[in-house]
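Biologist: Before we talk about labels and cut-offs, could you put the model up, so that each term can be set against its value?

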Amino acid sequence: MSIENCILSIDQGTTSSRAIVFSPDSTIIAIAQQEFEQHYPNDGWVEHDPEDIWASIQNVCKQALEEAKNKGANIVAIGITNQRETTVVWDKKTGKAIYKAIVWQDRRTAPQCRELKQQGHLNTIRSRTGLLLDPYFSATKVSWILDNVKGARQKANAGELAFGTIDSFLIWRLTGGKVHATDVTNASRTNLFNIHTLNWDQELLKLFDVPASLLPNVKECTDDYGITCPSAFGATLPILGVAGDQHAASIGQCCFQKGAIKSTYGTGGFLMLNTAEQILESKNNLLTTVAYTIKGKTHYALEGSIFVAGAAIQWLRDELNLIEHAFETESLAQSVEDNHGVYFVPAFAGLGAPYWEPDARGAIYGLTRGTTIAHLVRAALESVCLQTFDLLKAMAEDGVNPQQLRVDGGMVANNWICQFLAGILEIEVERPKIMETTALGAAYLAGLQAGIYQSTQELTLMNQIESKFKPQMPPKIRQQRLKGWSAAIQSTLGFNA
Ligand code: ADP
(Lines give C-alpha, C1' and ligand atoms only; values in the text may rest on other atoms or scores of the structure.)
Protein backbone atom coordinates (compact mmCIF):
# COMPACT_ATOMS: atom_id res chain seq x y z
CA MET A 1 0.00 0.00 0.00
CA SER A 2 1.38 3.40 -0.87
CA ILE A 3 0.93 6.67 1.01
CA GLU A 4 0.70 9.58 -1.43
CA ASN A 5 1.67 13.24 -1.01
CA CYS A 6 4.12 12.86 1.88
CA ILE A 7 6.49 15.67 2.88
CA LEU A 8 10.07 15.46 4.08
CA SER A 9 10.60 18.00 6.83
CA ILE A 10 14.19 18.99 7.63
CA ASP A 11 14.61 20.42 11.14
CA GLN A 12 18.13 21.76 11.62
CA GLY A 13 18.40 22.57 15.37
CA THR A 14 21.11 23.93 17.66
CA THR A 15 22.30 20.57 18.95
CA SER A 16 20.94 18.10 16.40
CA SER A 17 19.53 17.71 12.90
CA ARG A 18 16.34 15.82 12.27
CA ALA A 19 14.42 14.61 9.24
CA ILE A 20 10.78 13.64 9.59
CA VAL A 21 8.47 12.34 6.88
CA PHE A 22 4.84 13.32 7.40
CA SER A 23 1.81 11.96 5.59
CA PRO A 24 -0.81 14.56 4.53
CA ASP A 25 -2.87 13.86 7.69
CA SER A 26 0.31 14.72 9.67
CA THR A 27 1.11 11.20 10.80
CA ILE A 28 4.85 10.65 11.32
CA ILE A 29 5.94 7.98 8.81
CA ALA A 30 9.70 8.11 9.42
CA ILE A 31 12.10 9.97 11.67
CA ALA A 32 15.88 10.22 11.97
CA GLN A 33 18.06 12.37 14.21
CA GLN A 34 21.77 13.08 14.55
CA GLU A 35 23.61 15.24 17.06
CA PHE A 36 26.71 17.21 16.09
CA GLU A 37 29.59 18.82 17.93
CA GLN A 38 29.42 22.20 19.65
CA HIS A 39 32.62 24.27 19.61
CA TYR A 40 33.45 26.76 22.39
CA PRO A 41 36.79 28.24 21.24
CA ASN A 42 36.68 31.21 23.64
CA ASP A 43 34.68 32.49 26.58
CA GLY A 44 31.20 33.33 25.29
CA TRP A 45 31.93 32.00 21.78
CA VAL A 46 29.79 29.20 20.28
CA GLU A 47 30.47 27.73 16.82
CA HIS A 48 29.26 24.88 14.61
CA ASP A 49 31.18 23.36 11.74
CA PRO A 50 28.96 23.85 8.64
CA GLU A 51 30.41 20.61 7.21
CA ASP A 52 29.18 18.72 10.32
CA ILE A 53 25.75 20.26 9.87
CA TRP A 54 25.69 19.34 6.18
CA ALA A 55 26.86 15.76 6.84
CA SER A 56 24.22 15.34 9.55
CA ILE A 57 21.50 16.62 7.20
CA GLN A 58 22.60 14.22 4.45
CA ASN A 59 22.56 11.31 6.91
CA VAL A 60 19.19 11.97 8.50
CA CYS A 61 17.54 12.65 5.15
CA LYS A 62 18.91 9.40 3.70
CA GLN A 63 17.75 7.43 6.74
CA ALA A 64 14.28 8.97 6.86
CA LEU A 65 13.79 8.55 3.08
CA GLU A 66 14.83 4.90 3.29
CA GLU A 67 12.46 4.17 6.16
CA ALA A 68 9.64 6.09 4.45
CA LYS A 69 10.22 4.22 1.20
CA ASN A 70 9.97 0.88 3.00
CA LYS A 71 6.62 1.99 4.37
CA GLY A 72 5.39 2.91 0.87
CA ALA A 73 5.53 6.70 1.29
CA ASN A 74 5.62 8.78 -1.87
CA ILE A 75 7.40 12.04 -1.01
CA VAL A 76 6.57 15.06 -3.13
CA ALA A 77 8.20 18.05 -1.42
CA ILE A 78 10.61 19.30 1.23
CA GLY A 79 10.10 21.83 4.01
CA ILE A 80 13.00 23.32 5.98
CA THR A 81 13.08 24.79 9.47
CA ASN A 82 16.23 25.81 11.33
CA GLN A 83 18.00 27.36 14.30
CA ARG A 84 17.72 31.07 13.64
CA GLU A 85 20.34 33.86 13.50
CA THR A 86 23.30 31.43 13.24
CA THR A 87 25.55 32.86 10.55
CA VAL A 88 27.52 31.24 7.72
CA VAL A 89 29.68 32.99 5.10
CA TRP A 90 30.83 30.84 2.20
CA ASP A 91 32.73 31.09 -1.06
CA LYS A 92 30.31 31.09 -4.00
CA LYS A 93 32.78 29.20 -6.21
CA THR A 94 33.62 26.33 -3.87
CA GLY A 95 30.54 26.35 -1.64
CA LYS A 96 32.89 26.05 1.35
CA ALA A 97 32.41 28.21 4.43
CA ILE A 98 35.29 30.64 5.05
CA TYR A 99 34.75 30.43 8.82
CA LYS A 100 32.75 28.21 11.18
CA ALA A 101 29.06 29.03 11.69
CA ILE A 102 28.74 31.61 14.48
CA VAL A 103 25.83 30.36 16.59
CA TRP A 104 22.98 32.57 17.89
CA GLN A 105 24.21 32.12 21.49
CA ASP A 106 27.65 33.59 20.66
CA ARG A 107 28.43 36.84 22.52
CA ARG A 108 31.70 37.84 20.80
CA THR A 109 30.24 40.91 19.13
CA ALA A 110 28.97 42.52 22.36
CA PRO A 111 31.55 45.37 22.06
CA GLN A 112 30.36 46.24 18.52
CA CYS A 113 26.76 46.28 19.73
CA ARG A 114 27.66 48.51 22.67
CA GLU A 115 29.47 50.91 20.34
CA LEU A 116 26.52 51.14 17.95
CA LYS A 117 24.24 51.77 20.92
CA GLN A 118 26.52 54.55 22.18
CA GLN A 119 26.44 56.11 18.72
CA GLY A 120 22.66 56.29 19.10
CA HIS A 121 21.57 53.72 16.50
CA LEU A 122 19.27 51.64 18.70
CA ASN A 123 16.02 53.41 17.82
CA THR A 124 16.60 53.19 14.05
CA ILE A 125 17.41 49.50 14.36
CA ARG A 126 14.41 48.84 16.60
CA SER A 127 11.92 50.62 14.42
CA ARG A 128 13.13 49.05 11.17
CA THR A 129 13.93 45.50 12.26
CA GLY A 130 11.72 45.07 15.35
CA LEU A 131 14.78 43.71 17.17
CA LEU A 132 17.25 44.97 19.77
CA LEU A 133 20.94 45.72 19.33
CA ASP A 134 22.35 42.46 20.57
CA PRO A 135 25.08 39.97 19.52
CA TYR A 136 22.26 37.39 19.24
CA PHE A 137 21.30 38.62 15.75
CA SER A 138 23.29 37.93 12.56
CA ALA A 139 24.48 41.38 11.38
CA THR A 140 27.47 41.84 13.70
CA LYS A 141 28.40 38.17 13.24
CA VAL A 142 28.70 38.67 9.45
CA SER A 143 30.89 41.74 9.78
CA TRP A 144 33.00 39.97 12.42
CA ILE A 145 33.73 37.18 9.90
CA LEU A 146 34.51 39.69 7.13
CA ASP A 147 36.85 41.62 9.44
CA ASN A 148 38.61 38.63 10.98
CA VAL A 149 39.13 36.17 8.14
CA LYS A 150 42.16 37.11 6.04
CA GLY A 151 41.18 38.47 2.62
CA ALA A 152 37.44 38.17 3.33
CA ARG A 153 36.62 41.86 2.85
CA GLN A 154 38.32 41.95 -0.57
CA LYS A 155 36.54 38.78 -1.64
CA ALA A 156 33.23 40.16 -0.38
CA ASN A 157 33.73 43.41 -2.30
CA ALA A 158 34.53 41.39 -5.43
CA GLY A 159 31.17 39.59 -5.06
CA GLU A 160 32.78 36.21 -4.38
CA LEU A 161 31.16 35.48 -1.01
CA ALA A 162 27.67 34.55 0.15
CA PHE A 163 26.07 35.03 3.56
CA GLY A 164 23.20 33.02 4.88
CA THR A 165 21.51 31.75 7.99
CA ILE A 166 21.40 27.94 8.19
CA ASP A 167 18.34 27.67 5.91
CA SER A 168 20.21 29.55 3.14
CA PHE A 169 23.32 27.46 3.54
CA LEU A 170 21.27 24.25 3.32
CA ILE A 171 19.31 25.49 0.30
CA TRP A 172 22.60 26.34 -1.44
CA ARG A 173 24.02 22.89 -0.70
CA LEU A 174 20.79 21.01 -1.46
CA THR A 175 20.41 22.69 -4.85
CA GLY A 176 24.08 22.23 -5.73
CA GLY A 177 24.77 25.99 -5.51
CA LYS A 178 21.94 26.94 -7.85
CA VAL A 179 19.80 28.85 -5.35
CA HIS A 180 20.89 31.51 -2.85
CA ALA A 181 17.72 32.28 -0.94
CA THR A 182 16.25 32.68 2.52
CA ASP A 183 12.72 33.10 3.78
CA VAL A 184 11.22 36.22 5.28
CA THR A 185 11.23 34.87 8.88
CA ASN A 186 14.92 34.01 8.86
CA ALA A 187 15.72 37.32 7.16
CA SER A 188 13.81 39.15 9.89
CA ARG A 189 16.27 37.87 12.54
CA THR A 190 19.41 39.35 10.98
CA ASN A 191 19.17 43.04 12.02
CA LEU A 192 19.58 43.83 8.30
CA PHE A 193 15.99 43.37 7.18
CA ASN A 194 13.29 46.01 7.19
CA ILE A 195 10.09 44.36 8.43
CA HIS A 196 7.93 47.19 7.05
CA THR A 197 9.15 47.03 3.45
CA LEU A 198 10.08 43.32 3.65
CA ASN A 199 13.41 44.09 1.98
CA TRP A 200 17.03 44.26 3.01
CA ASP A 201 17.60 47.75 4.41
CA GLN A 202 20.36 49.62 2.55
CA GLU A 203 21.10 51.94 5.48
CA LEU A 204 21.43 49.05 7.92
CA LEU A 205 23.72 47.26 5.48
CA LYS A 206 25.94 50.34 5.53
CA LEU A 207 25.73 50.65 9.31
CA PHE A 208 26.78 47.03 9.87
CA ASP A 209 29.24 47.16 6.96
CA VAL A 210 27.74 44.19 5.09
CA PRO A 211 27.98 44.39 1.24
CA ALA A 212 24.66 43.74 -0.49
CA SER A 213 26.31 41.25 -2.87
CA LEU A 214 26.51 38.73 0.02
CA LEU A 215 22.80 38.59 0.65
CA PRO A 216 20.36 35.84 -0.25
CA ASN A 217 17.18 36.48 -2.17
CA VAL A 218 14.26 36.78 0.29
CA LYS A 219 11.24 34.61 -0.46
CA GLU A 220 7.90 33.83 1.15
CA CYS A 221 7.64 30.89 3.57
CA THR A 222 5.58 29.14 0.90
CA ASP A 223 7.69 29.52 -2.24
CA ASP A 224 9.81 27.76 -4.83
CA TYR A 225 13.32 27.23 -3.41
CA GLY A 226 14.67 25.01 -6.19
CA ILE A 227 15.15 21.29 -6.57
CA THR A 228 17.58 19.09 -4.65
CA CYS A 229 20.43 17.73 -6.73
CA PRO A 230 20.84 13.93 -6.56
CA SER A 231 24.29 14.21 -4.96
CA ALA A 232 22.74 15.72 -1.79
CA PHE A 233 20.98 12.54 -0.62
CA GLY A 234 19.99 10.69 -3.74
CA ALA A 235 16.62 12.26 -4.52
CA THR A 236 15.36 15.12 -6.68
CA LEU A 237 12.63 16.90 -4.76
CA PRO A 238 11.36 20.50 -4.76
CA ILE A 239 11.97 22.61 -1.64
CA LEU A 240 8.66 24.43 -1.16
CA GLY A 241 8.53 25.70 2.42
CA VAL A 242 10.98 27.45 4.78
CA ALA A 243 10.68 29.11 8.22
CA GLY A 244 12.84 29.69 11.30
CA ASP A 245 12.20 27.23 14.15
CA GLN A 246 9.95 29.33 16.41
CA HIS A 247 7.91 30.54 13.44
CA ALA A 248 7.54 26.96 12.19
CA ALA A 249 6.41 25.78 15.65
CA SER A 250 3.82 28.53 15.64
CA ILE A 251 2.60 27.37 12.21
CA GLY A 252 2.65 23.72 13.36
CA GLN A 253 0.41 24.81 16.26
CA CYS A 254 -1.90 26.56 13.77
CA CYS A 255 -1.47 30.00 15.38
CA PHE A 256 -2.92 31.75 12.33
CA GLN A 257 -5.40 34.09 14.03
CA LYS A 258 -4.65 37.43 15.66
CA GLY A 259 -4.00 36.78 19.38
CA ALA A 260 -3.09 33.11 18.88
CA ILE A 261 0.01 32.29 20.92
CA LYS A 262 2.30 29.32 21.36
CA SER A 263 5.01 28.66 23.89
CA THR A 264 7.75 26.09 23.40
CA TYR A 265 9.37 24.80 26.61
CA GLY A 266 12.71 23.08 26.05
CA THR A 267 16.06 24.18 27.45
CA GLY A 268 14.70 27.72 27.18
CA GLY A 269 11.17 28.96 26.54
CA PHE A 270 9.95 30.79 23.42
CA LEU A 271 6.63 32.57 23.15
CA MET A 272 5.28 33.83 19.85
CA LEU A 273 2.07 35.83 19.61
CA ASN A 274 0.42 36.41 16.23
CA THR A 275 -0.53 40.09 15.77
CA ALA A 276 -1.84 39.60 12.20
CA GLU A 277 -1.10 42.60 9.92
CA GLN A 278 -0.23 44.81 12.87
CA ILE A 279 3.44 45.63 13.50
CA LEU A 280 3.34 46.14 17.25
CA GLU A 281 6.30 47.97 18.69
CA SER A 282 6.69 46.67 22.23
CA LYS A 283 7.23 49.02 25.14
CA ASN A 284 8.40 46.08 27.23
CA ASN A 285 11.47 44.75 25.43
CA LEU A 286 9.57 42.12 23.47
CA LEU A 287 10.75 41.61 19.90
CA THR A 288 8.63 42.37 16.87
CA THR A 289 9.11 39.88 14.10
CA VAL A 290 7.58 38.49 10.93
CA ALA A 291 5.42 35.50 11.91
CA TYR A 292 5.28 34.27 8.31
CA THR A 293 4.38 35.15 4.74
CA ILE A 294 2.02 32.53 3.35
CA LYS A 295 0.60 32.87 -0.16
CA GLY A 296 1.36 36.58 -0.32
CA LYS A 297 -0.05 37.41 3.12
CA THR A 298 2.30 38.54 5.88
CA HIS A 299 1.50 38.18 9.57
CA TYR A 300 3.63 39.73 12.29
CA ALA A 301 4.32 38.53 15.83
CA LEU A 302 5.53 39.62 19.23
CA GLU A 303 8.18 37.33 20.66
CA GLY A 304 9.45 36.84 24.18
CA SER A 305 12.07 34.39 25.43
CA ILE A 306 12.70 32.68 28.73
CA PHE A 307 16.44 32.01 28.90
CA VAL A 308 16.16 29.23 31.50
CA ALA A 309 13.19 26.85 31.45
CA GLY A 310 14.13 23.13 31.27
CA ALA A 311 17.71 24.18 31.97
CA ALA A 312 16.64 24.80 35.60
CA ILE A 313 15.57 21.15 35.81
CA GLN A 314 18.86 20.06 34.25
CA TRP A 315 20.65 22.11 36.92
CA LEU A 316 18.72 20.42 39.74
CA ARG A 317 19.59 17.07 38.17
CA ASP A 318 23.20 17.53 37.04
CA GLU A 319 24.69 20.11 39.40
CA LEU A 320 22.71 19.61 42.62
CA ASN A 321 21.89 15.90 42.08
CA LEU A 322 18.48 16.43 43.68
CA ILE A 323 16.73 14.30 41.05
CA GLU A 324 17.79 11.56 38.67
CA HIS A 325 15.35 12.17 35.80
CA ALA A 326 13.44 15.25 34.64
CA PHE A 327 10.10 13.39 34.73
CA GLU A 328 10.43 12.90 38.53
CA THR A 329 9.69 16.61 38.95
CA GLU A 330 6.01 16.00 38.24
CA SER A 331 5.39 13.66 41.20
CA LEU A 332 7.69 15.68 43.46
CA ALA A 333 5.81 18.91 42.74
CA GLN A 334 2.54 17.10 43.36
CA SER A 335 3.75 15.58 46.62
CA VAL A 336 3.72 18.92 48.48
CA GLU A 337 0.76 21.11 49.25
CA ASP A 338 2.40 24.34 48.10
CA ASN A 339 5.79 25.93 47.46
CA HIS A 340 6.31 26.53 51.21
CA GLY A 341 7.14 30.16 50.45
CA VAL A 342 10.10 29.22 48.20
CA TYR A 343 10.76 31.24 45.02
CA PHE A 344 13.46 30.33 42.52
CA VAL A 345 14.61 32.95 40.00
CA PRO A 346 16.76 30.96 37.54
CA ALA A 347 18.57 33.98 36.10
CA PHE A 348 21.73 31.95 35.41
CA ALA A 349 22.50 34.04 32.35
CA GLY A 350 20.68 37.27 33.17
CA LEU A 351 16.99 38.10 32.90
CA GLY A 352 15.30 38.41 29.50
CA ALA A 353 12.14 40.32 28.57
CA PRO A 354 10.48 42.25 30.07
CA TYR A 355 13.36 43.01 32.50
CA TRP A 356 16.31 42.69 30.10
CA GLU A 357 19.09 42.64 32.66
CA PRO A 358 21.99 40.59 31.28
CA ASP A 359 24.02 40.98 34.48
CA ALA A 360 21.36 39.56 36.85
CA ARG A 361 22.17 36.20 38.43
CA GLY A 362 20.00 33.41 39.85
CA ALA A 363 18.63 33.23 43.40
CA ILE A 364 16.43 31.10 45.65
CA TYR A 365 14.35 32.92 48.27
CA GLY A 366 12.28 31.91 51.29
CA LEU A 367 14.33 28.96 52.55
CA THR A 368 13.52 27.60 56.02
CA ARG A 369 14.64 24.56 58.00
CA GLY A 370 11.52 22.86 56.64
CA THR A 371 12.36 23.37 52.94
CA THR A 372 12.63 20.03 51.12
CA ILE A 373 13.84 18.84 47.73
CA ALA A 374 10.18 18.72 46.64
CA HIS A 375 9.76 22.43 47.47
CA LEU A 376 12.87 23.37 45.48
CA VAL A 377 11.70 21.31 42.52
CA ARG A 378 8.27 22.83 42.75
CA ALA A 379 9.74 26.34 42.88
CA ALA A 380 11.77 25.55 39.74
CA LEU A 381 8.66 24.40 37.85
CA GLU A 382 6.68 27.38 39.12
CA SER A 383 9.44 29.72 37.91
CA VAL A 384 8.91 28.60 34.31
CA CYS A 385 5.21 29.41 34.60
CA LEU A 386 5.81 32.70 36.43
CA GLN A 387 8.28 33.83 33.76
CA THR A 388 5.58 33.05 31.20
CA PHE A 389 3.17 35.18 33.25
CA ASP A 390 5.60 38.12 33.05
CA LEU A 391 5.79 37.80 29.25
CA LEU A 392 2.01 37.59 28.84
CA LYS A 393 1.61 40.59 31.13
CA ALA A 394 4.06 42.50 28.92
CA MET A 395 2.09 41.46 25.85
CA ALA A 396 -1.14 42.63 27.51
CA GLU A 397 0.49 46.00 28.27
CA ASP A 398 1.47 46.17 24.60
CA GLY A 399 -2.21 45.69 23.75
CA VAL A 400 -2.85 41.99 23.10
CA ASN A 401 -4.62 39.62 25.49
CA PRO A 402 -4.48 35.99 24.37
CA GLN A 403 -7.38 33.78 25.40
CA GLN A 404 -5.51 30.52 25.22
CA LEU A 405 -1.92 29.27 25.19
CA ARG A 406 -0.73 26.41 22.96
CA VAL A 407 2.28 24.64 24.44
CA ASP A 408 4.91 22.24 23.14
CA GLY A 409 8.50 21.14 23.83
CA GLY A 410 10.01 18.51 26.14
CA MET A 411 8.81 20.12 29.40
CA VAL A 412 5.09 19.99 28.66
CA ALA A 413 5.02 16.22 29.01
CA ASN A 414 4.74 17.34 32.64
CA ASN A 415 1.00 17.67 33.42
CA TRP A 416 1.67 19.55 36.64
CA ILE A 417 3.40 22.36 34.69
CA CYS A 418 0.51 22.63 32.22
CA GLN A 419 -2.05 22.80 35.04
CA PHE A 420 -0.10 25.36 37.09
CA LEU A 421 0.47 27.40 33.92
CA ALA A 422 -3.27 27.53 33.20
CA GLY A 423 -3.93 28.60 36.78
CA ILE A 424 -1.32 31.34 37.00
CA LEU A 425 -2.13 32.74 33.53
CA GLU A 426 -5.90 32.36 34.04
CA ILE A 427 -6.28 31.07 30.50
CA GLU A 428 -6.72 27.65 28.96
CA VAL A 429 -3.54 25.77 28.08
CA GLU A 430 -3.69 23.39 25.10
CA ARG A 431 -1.26 20.58 24.36
CA PRO A 432 -1.26 19.21 20.79
CA LYS A 433 -1.36 15.57 19.78
CA ILE A 434 1.68 15.89 17.53
CA MET A 435 4.47 17.29 19.66
CA GLU A 436 6.86 17.69 16.69
CA THR A 437 5.32 21.09 16.01
CA THR A 438 8.46 22.67 14.52
CA ALA A 439 8.96 20.00 11.87
CA LEU A 440 5.21 19.86 11.29
CA GLY A 441 5.12 23.61 10.61
CA ALA A 442 7.76 23.27 7.87
CA ALA A 443 5.82 20.33 6.39
CA TYR A 444 2.60 22.41 6.42
CA LEU A 445 4.37 25.20 4.50
CA ALA A 446 5.68 22.82 1.84
CA GLY A 447 2.26 21.13 1.68
CA LEU A 448 0.52 24.50 1.15
CA GLN A 449 2.89 25.39 -1.68
CA ALA A 450 2.55 21.91 -3.23
CA GLY A 451 -1.25 22.27 -3.20
CA ILE A 452 -1.75 19.37 -0.79
CA TYR A 453 -3.44 21.83 1.57
CA GLN A 454 -5.55 24.64 0.16
CA SER A 455 -5.45 27.09 3.05
CA THR A 456 -4.42 27.75 6.64
CA GLN A 457 -8.11 27.27 7.56
CA GLU A 458 -7.88 23.70 6.31
CA LEU A 459 -4.83 23.14 8.55
CA THR A 460 -6.66 24.65 11.53
CA LEU A 461 -9.52 22.19 11.04
CA MET A 462 -7.03 19.31 10.99
CA ASN A 463 -5.28 20.47 14.18
CA GLN A 464 -5.64 17.93 16.98
CA ILE A 465 -5.43 18.83 20.66
CA GLU A 466 -4.36 16.05 23.03
CA SER A 467 -5.23 17.78 26.35
CA LYS A 468 -6.79 21.00 27.56
CA PHE A 469 -5.91 22.40 30.98
CA LYS A 470 -8.44 24.81 32.48
CA PRO A 471 -7.52 27.41 35.11
CA GLN A 472 -8.39 26.08 38.57
CA MET A 473 -6.17 28.04 40.92
CA PRO A 474 -8.02 29.83 43.76
CA PRO A 475 -7.62 33.63 43.25
CA LYS A 476 -6.11 34.13 46.71
CA ILE A 477 -3.33 31.63 46.07
CA ARG A 478 -2.70 33.07 42.63
CA GLN A 479 -2.35 36.59 44.03
CA GLN A 480 0.00 35.37 46.74
CA ARG A 481 2.24 33.57 44.21
CA LEU A 482 2.39 36.58 41.91
CA LYS A 483 3.26 38.84 44.83
CA GLY A 484 6.02 36.49 46.02
CA TRP A 485 7.43 36.21 42.50
CA SER A 486 7.44 39.95 41.97
CA ALA A 487 9.33 40.41 45.27
CA ALA A 488 11.83 37.72 44.25
CA ILE A 489 12.44 39.42 40.89
CA GLN A 490 12.89 42.82 42.54
CA SER A 491 15.41 41.38 45.01
CA THR A 492 17.27 39.67 42.17
CA LEU A 493 17.44 42.91 40.19
CA GLY A 494 18.62 44.72 43.30
CA PHE A 495 21.36 42.23 44.15
CA ASN A 496 24.80 43.54 43.32
CA ALA A 497 27.69 41.57 44.79
P1 ADP B 1 15.61 21.24 23.56
O2 ADP B 1 14.87 21.13 22.26
O3 ADP B 1 15.87 22.63 24.03
O4 ADP B 1 16.83 20.36 23.64
P5 ADP B 1 13.45 19.58 24.62
O6 ADP B 1 12.22 20.15 24.00
O7 ADP B 1 13.95 18.27 24.15
O8 ADP B 1 14.62 20.67 24.68
O9 ADP B 1 13.15 19.47 26.20
C10 ADP B 1 14.14 19.06 27.10
C11 ADP B 1 14.08 19.88 28.38
O12 ADP B 1 12.84 19.61 29.05
C13 ADP B 1 15.19 19.53 29.33
O14 ADP B 1 15.71 20.73 29.85
C15 ADP B 1 14.52 18.73 30.44
O16 ADP B 1 15.10 19.02 31.69
C17 ADP B 1 13.07 19.21 30.39
N18 ADP B 1 12.11 18.13 30.67
C19 ADP B 1 11.92 16.99 29.98
N20 ADP B 1 10.94 16.25 30.51
C21 ADP B 1 10.47 16.95 31.57
C22 ADP B 1 9.45 16.73 32.56
N23 ADP B 1 8.67 15.64 32.53
N24 ADP B 1 9.27 17.68 33.49
C25 ADP B 1 10.03 18.80 33.53
N26 ADP B 1 10.99 19.06 32.63
C27 ADP B 1 11.22 18.16 31.68
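Modeller: This is a predicted model, and a good place to begin is the ligand, around which there are 13 residues, with Thr-267, Gly-310, Gln-314, Gly-410 and Asn-414 coming nearest.

Biologist: What makes a residue count as near the ligand?

Modeller: One of its heavy atoms has to lie within 4 Å of the molecule, and 13 residues make up the shell around the ligand. Helix α11, residues 310–318, gives the largest share of that shell, with 4 residues.

Biologist: Why is the pair formed by the ligand and the side chain of Gln-314 called a polar contact?

Modeller: The term asks for a pair of N or O atoms within 3.5 Å; an oxygen atom of the ligand is 2.7 Å from an N or O atom in the side chain of Gln-314, so the pair qualifies as a polar contact. By the same cut-off, a polar backbone atom of Gly-310, 3.1 Å from an oxygen atom of the ligand, also qualifies, as does an N or O atom in the side chain of Thr-329, which is 3.3 Å from a nitrogen atom of the ligand. As for cover, the ligand taken alone exposes 580 Å², of which the protein buries 67%.

Biologist: Which classes of residue make up the shell around the ligand?

Modeller: The shell has 8 polar and 5 nonpolar residues, and no charged ones.

Biologist: Turning to the helices, why are α13 and α17 called roughly perpendicular?

Modeller: The axes of α13 (residues 373–397) and α17 (residues 475–494) cross at roughly 90 degrees and come within 11 Å; the label covers angles of 65 to 115 degrees, and α13 and α17 are therefore roughly perpendicular to each other. Among the residues that meet are Arg-378, Glu-382 and Phe-389 in α13, and Arg-481, Trp-485 and Ile-489 in α17. By class, the residues of this contact divide into 5 nonpolar, 5 charged and 2 polar.

Biologist: How do you know that α14 and α17 deserve that label too?

Modeller: Helix α14, residues 415–425, packs against α17 at an angle of about 90 degrees, with the axes 9 Å apart, and α14 and α17 are therefore roughly perpendicular to each other. Their contact is made by Phe-420, Gly-423, Ile-424 and Leu-425 of α14, together with Arg-478, Arg-481 and Leu-482 of α17, and the residues divide into 4 nonpolar, 1 polar and 2 charged.

Biologist: What is omega for the cis peptide bond between Ala-353 and Pro-354?

Modeller: Omega is about 0 degrees for the cis bond that joins Ala-353 and Pro-354, and Pro-354 lies in the loop between β18 (343–345) and β19 (363–365).

Terms used
Residues numbered from 1 in each chain as written. Predicted model: local features only at pLDDT ≥ 70, side-chain atom pairs only at ≥ 80, totals over all residues. Heavy atoms only, no water. Polar contact = N/O pair within 3.5 Å; in protein donor to acceptor, adjacent residues only side chain to side chain. Areas by Shrake-Rupley, 256 points an atom, 1.4 Å probe, with all protein chains shown as cover. Helix = DSSP H or I, 4+ residues; strand = E, 2+ residues; numbered from the N terminus. Nonpolar A, V, L, I, M, F, W, Y, C, P; charged D, E, K, R; others polar. Axes fitted to C-alpha atoms, helices over the stretch in contact; angles between N-to-C directions. Parallel < 35°, antiparallel > 145°, perpendicular 65-115°, else oblique. Contact = heavy atoms within 4.5 Å.
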